[in-house]
Amino acid sequence: MKIQKLLKILTLITSAIALTTTSLWIGKQAYSWLPPEAAAESRLVDDLFSFLVTLGAFIFLGVTGTLMYSIIFHRAKKGEICDGPPIEGNVTLEVVWTAIPILLVFWIAGYSYQIYEQMGIQGPNHLMHLHMPMGMESAYAAPVEDKGTRGGGDAGNVSASAEIASNSEPVEQIDVLAKQWAWVFHYPEKDVTSTELHLPSDRRVRLALRSEDVLHGFYVPAFRLKQDIVPNETINFEFTPIRPGKYRLTDSQYSGTYFATMQADVVVESPEDYHQWLAKVATHKPSPASNQAASEYAQVVNQSFPTGWATVAPAEPPVVNYPG
């Protein structure tokens with residue numbers, strides 16, 4: 001009996017070690033499921049996502065493994081039709097399986113809110129904080145080691161200066177105007193505008209987000225950043241791009257009929273290329289940019305028969321130095 005009990009304990013320990021190891025491995029793989037980390041703040045979100053995947057894998061594999069073990073090794077014998085032994089409630093077991101989920105929920109909530117504060121995402125709280133200020137940290141990056149394994153990235157594209165830049169004062173100020181249905185970016189340094197957002201790599205930037213009409217959402221999946229843009233308010237949003245390339249900005253809030261067309265390219269480039277681009281665009285004369293929402297609306301209006309409910313007319317195509 002002692003040997004059988006010892007074997008059961010060893011089996012349980014071995015299973016727990018295998019379950020933990022497998023869950024940690026799955027959690028590591030979760031980094032590759034996301035787009036490449038293009039901003040220093042991406043690491044914070046990716047670490048949280050990996051943690052949740054690891055925890056979910058542990059619970060899923062643990063429950064599934066227990067069920068499979070019971071089905072295989074505790075099956076009723078062939079021809080056995082009698083009922084199993086009557087088992088009444090176990091207070092200790094009920095307390096344990098109630099306490100553990102509660103602790104897990106508090107753990108996840110605490111960790112998530114910590115990331116929220118570190119990234120300095122304001123959202124609707126920005127309005128509440130106008131009269132009751134609350135300290136929120138500006139977004140900053142975690143250490144950048146092992147970046148080559150994060151999101152399928154290349155370690156050579158991520159420099160250690162990103163961590164330093166993310167904790168420094170912003171060196172680029174850019175105004176962002178959201179309206180139905182277009183993005184307009186203004187660069188005070190050269191007093192130029194564009195419908196394509198250009199950002200210097202490894203430099204902290206501050207976006208002054210404004211809405212001309214309704215609620216919009218600034219969302220770049222590769223940056224892991226989302227910020228609500230509230231009408232009649234200017235919301236400053238800081239982050240540090242670290243990976244040169246072209247990414248996609250979308251409106252994360254439903255803002256009307258043509259909100260799906262409200263997208264823009266985000267170009268992260270070296271500081272040298274960024275300033276060369278600014279200097280070049282400054283020589284361009286402002287001209288109307290193409291706007292998909294305005295084009296589609298014009299087609300509907302010009303049709304000889306009604307096609308559906310009336311909708312809000314899109315704003316006029318933005319007049320910019322660089323239409324993208």
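## A pair across the sheet

A208 stands opposite N236 in β8. That pairing is a good way into this predicted model, since a second one sits beside it in our tour: R206 stands opposite E238, also a residue of β8. Five bridges join β5 to β8, and the two strands run antiparallel.

## The open sheet

Let us widen the view to the sheet as a whole. Five strands make up an open sheet, and reading across it gives the order β3-β2-β1-β5-β8, with mixed pairing. At the edges are β3 and β8 (235-239), each of which pairs on one side only. From one strand to the next, the twist averages 25 degrees.

As a general reminder, the strands of a sheet pair through backbone hydrogen bonds, in either a parallel or an antiparallel sense. Both senses appear here. β1 and β5 are parallel partners, paired over seven bridges, and across that pairing L177 faces R210 of β5. β1 and β2, in contrast, pair in the antiparallel sense over five bridges, with V176 standing opposite F185 in β2.

## How covered are the strands?

How many residues of β1 are buried? Six of its eight are, and the strand is mostly covered. β5 is mostly covered too, with five of its seven residues buried.

A helix also meets this sheet. Helix α6, residues 271-281, lies across β1, β2 and β3. Its direction makes an angle of about 105 degrees with β3.

## Turns and unusual backbone

β1 and β2 form a hairpin, with two residues between them. The loop between β1 (172-179) and β2 (182-187) is where you will find W181. Take a look at the peptide bond there: Q180 and W181 are joined by a cis peptide bond, with omega about -5 degrees.

Two aspartates deserve a look for their phi values. D191 is in the loop between β2 and β3 (192-194). Its phi is near 55 degrees, a positive value in a residue other than glycine. D202 lies in the loop between β4 (197-200) and β5 (205-211), and phi of D202 is near 60 degrees, again positive in a residue other than glycine.

Are these two aspartates buried or exposed? D191 counts as exposed because its relative accessibility is 56%, above the 50% cut-off. D202 has a relative accessible area of 15% and is therefore buried, as the limit for that class is under 20%.

## A buried valine in β10

V268 belongs to strand β10, which covers residues 263-269. With a relative accessible area of 3%, V268 is buried. Which residues does V268 touch, leaving aside those up to four places away in sequence? The list is L199, S201, F223, P241, R243, P244, G245 and Y247.

V268 can also be placed relative to a residue from much earlier in the sequence. V268 and A39 are 229 residues apart along the chain, and their C-alpha atoms are separated by 9.7 Å.

## The largest pocket

For the pocket, we move to the helices α1 and α2. The largest pocket has a volume of about 560 Å³. Its lining consists of K8, T11, L12, S15, A16, L19, L61, G62, G65, T66, Y69 and H74.

Where do these residues come from? α1 (2-29) and α2 (42-73) each supply at least two residues of the lining. α1 gives the most, with six residues.

## The chain overall

Finally, here is the chain in numbers. There are seven helices and twelve strands in the chain. Of its 324 residues, 37% are buried. The chain exposes about 19,100 Å², and carbon and sulfur atoms supply 63% of that area.

Contacts between residues distant in sequence can be counted as well. Taking the contacts with a separation of 6 or more, 72% are between residues 24 or more positions apart.

Conventions. Residues are numbered from 1 along each chain as its sequence is written. This is a predicted model: local features need pLDDT of at least 70, side-chain atom pairs count only at pLDDT 80 or more; totals for chains, interfaces and linings use all residues. Side-chain values use heavy atoms; hydrogens and water are left out. Helices (H or I, at least four residues) and strands (E, at least two) are DSSP runs, numbered from the N terminus. Buried means under 20% relative accessible area, exposed over 50%, partly exposed in between (1.4 Å probe, protein chains only). Two strands pair if DSSP finds at least two bridges between them. Axes are lines fitted to C-alpha atoms, for helices over the stretch in contact, and angles run from 0 to 180 degrees between N-to-C directions. Contact means heavy atoms within 4.5 Å. Accessible areas come from the Shrake-Rupley method with a 1.4 Å probe; for residues, only the protein chains shown count as cover. On a 1 Å grid over the protein atoms alone, a cavity is a set of points where a 1.4 Å probe fits but cannot get out, and a pocket is an open set with protein on both sides within 12 Å along at least five of seven lines; lining residues have an atom within 4 Å of a point. Grid points are joined across faces, edges and corners, and a volume is the space filled by probe spheres set on the points.
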